[in-house]
Amino acid sequence: MTKDIESAHKPWKAEYAKSSRSSCRACNKPIVKDAFRLAKVQTAHQFNGVMPLWNHASCVFQNENEIKSLEEIDGLEDLRAGDLQNLRKYIEGSLAASDEEINRGKSITPAPTAGGSGDNTGEYEIENAKSSRSICKSCNEKIEKGHVRVATMVDNPRFRGKQPAWRHVECFLKLRWWTSPLAAMAGWDNLSVKDQCEVQDLAKACPGGIEASIVEEIENHGVGNKRKNGAAANPSPKKSPRLSKIKEKVTNAAVKKSAKT
């Protein structure tokens with residue numbers, strides 16, 4: 001029975017700490033709630049099964065060759081993109097151990113990016129809903145806890161300042177306010193890889209969306225050419241320098257990904 005259990009589990013597990021009760025096996029310091037942590041999964045001696053020995057991810061990163069492959073790690077699908085990228089770099093040997101943000105065990109996230117127009121200031125943020133109390137400003141339906149939502153900052157008439165106006169991702173994409181790759185939106189790297197894929201699929205399916213047209217052109221190997229649908233949406237014969245830069249970035253990312261695989 002023990003052999004079956006041992007063969008069923010992966011040697012490492014990755015997740016975000018569910019509480020602040022665990023301590024790092026490497027530095028003996030507490031692992032705070034929601035911190036990125038890695039566990040060496042070992043056979044338990046007190047019972048018939050396995051048990052995780054938790055460490056700060058940053059403590060594991062300080063030792064070379066602890067993890068040989070991503071296939072050794074369970075829980076990757078729930079990680080934020082920034083943390084997953086750090087894991088890949090660590091395995092490849094290209095992670096800078098002296099990086100201040102990594103040493104503190106934090107995700108590396110891009111600075112907030114402005115763009116778009118409408119009833120907002122061009123400030124956007126994407127995240128998983130922390131509760132089920134928010135209402136979508138477009139469809140007036142409740143946004144369930146844990147579902148991905150997008151905020152635009154609007155003026156609050158009751159006091160001087162801004163407040164977030166939340167929308168379902170699909171409702172937000174239909175507005176076509178966001179004109180850059182979704183990966184540039186504040187909070188993107190805090191989403192799990194699974195949520196990022198689902199949002200990208202919605203963007204691709206959204207008619208006329210810039211993200212959708214870029215993905216479509218890359219898949220059809222026509223990045224440098226205008227598609228008929230794109231030409232209808234933008235009758236101007238001049239190429240947009242901004243859109244060209246976006247296409248160039250996405251294309252380069254696609255080439256790098258293809259080279260790795």
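Is Ala183 buried, exposed or partly exposed? Ala183 is partly exposed, with a relative accessible area of 40%. The close-ups below start from there, and keep in mind that they all show a predicted model.

**View 1. Ala183 in its loop.** Look for Ala183 in the loop between α5 (169–175) and α6 (193–205). Now find Gln200, which is 17 residues away from Ala183 in sequence. In space, the two C-alpha atoms are 9.4 Å apart.

**View 2. Helix α3 and the glycine just after it.** Helix α3 covers residues 81–92, so count 12 residues here. From the first C-alpha to the last, α3 reaches 16 Å, close to the 16 Å expected at 1.5 Å a residue. Several α3 residues are buried, among them Ala81, Gly82, Asp83 and Leu84. Further along the helix, Asn86, Leu87 and Tyr90 are buried too. Just after α3 comes Gly93, with a positive phi of about 85°.

**View 3. Cysteines without a bond.** How many disulfides does this model have? The count comes to zero. Take Cys171: its closest cysteine sulfur belongs to Cys136, 3.7 Å away, and that is too far for a bond because the two sulfurs would have to be within 2.5 Å. Cys171 is buried, with a relative accessible area of 17%. Cys197, on the other hand, counts as partly exposed, at 43% relative accessibility.

**View 4. Two asparagines with positive phi.** Asn65 has a phi near 60°, a positive value in a residue other than glycine. You'll find Asn65 in the loop between α2 (57–61) and β4 (73–74). At 53% relative accessibility, Asn65 counts as exposed, because the cut-off is over 50%. Asn140 isn't a glycine either, yet its phi is positive, at about 65°. Its place is the loop between β5 (124–128) and β6 (148–155). Asn140 is exposed as well, with a relative accessible area of 59%.

**View 5. Tyr16 meets Phe36.** The model has four aromatic pairs in its count. One of them joins Tyr16 and Phe36, whose rings are tilted: 5.8 Å centre to centre, with 45° between the planes. This pair links distant parts of the chain, 20 residues apart: Tyr16 sits in strand β1 (residues 12–16) and Phe36 in strand β2 (residues 36–43). Both Tyr16 and Phe36 are buried.

**View 6. Tyr124, Phe172 and Trp178 as a cluster.** Tyr124 and Phe172 form an edge-to-face pair, 5.4 Å centre to centre and with 70° between the planes. Tyr124 belongs to strand β5 and Phe172 to helix α5, so this pair ties together parts that are 48 residues apart in sequence. How accessible are the two partners? Tyr124 counts as buried at 4% relative accessibility, and Phe172 counts as buried at 1%. Add Trp178 to the picture, and ring pairs link Tyr124, Phe172 and Trp178 into a cluster.

**View 7. Arginines over rings.** Which ring does Arg37 lie over? Arg37 lies over the face of Trp54, at 3.8 Å from the ring centre. Then there is Arg80, whose charged end sits over the ring of Tyr16, 4.2 Å from its centre. You have met Tyr16 already, as the partner of Phe36 in a tilted aromatic pair.

Definitions and conventions:
Residues are numbered from 1 along each chain as its sequence is written. This is a predicted model: local features need pLDDT of at least 70, side-chain atom pairs count only at pLDDT 80 or more; totals for chains, interfaces and linings use all residues. Side-chain values use heavy atoms; hydrogens and water are left out. Helices (H or I, at least four residues) and strands (E, at least two) are DSSP runs, numbered from the N terminus. Buried means under 20% relative accessible area, exposed over 50%, partly exposed in between (1.4 Å probe, protein chains only). The expected span of a helix is 1.5 Å times one less than its number of residues. Rings of Phe, Tyr and Trp (its six-membered ring) pair if their centres lie within 6.5 Å; planes under 30 degrees apart count as stacked, over 60 as edge-to-face and the rest as tilted. A charge sits over a ring if NZ of Lys or CZ of Arg is within 6 Å of the ring centre and within 35 degrees of the ring normal.
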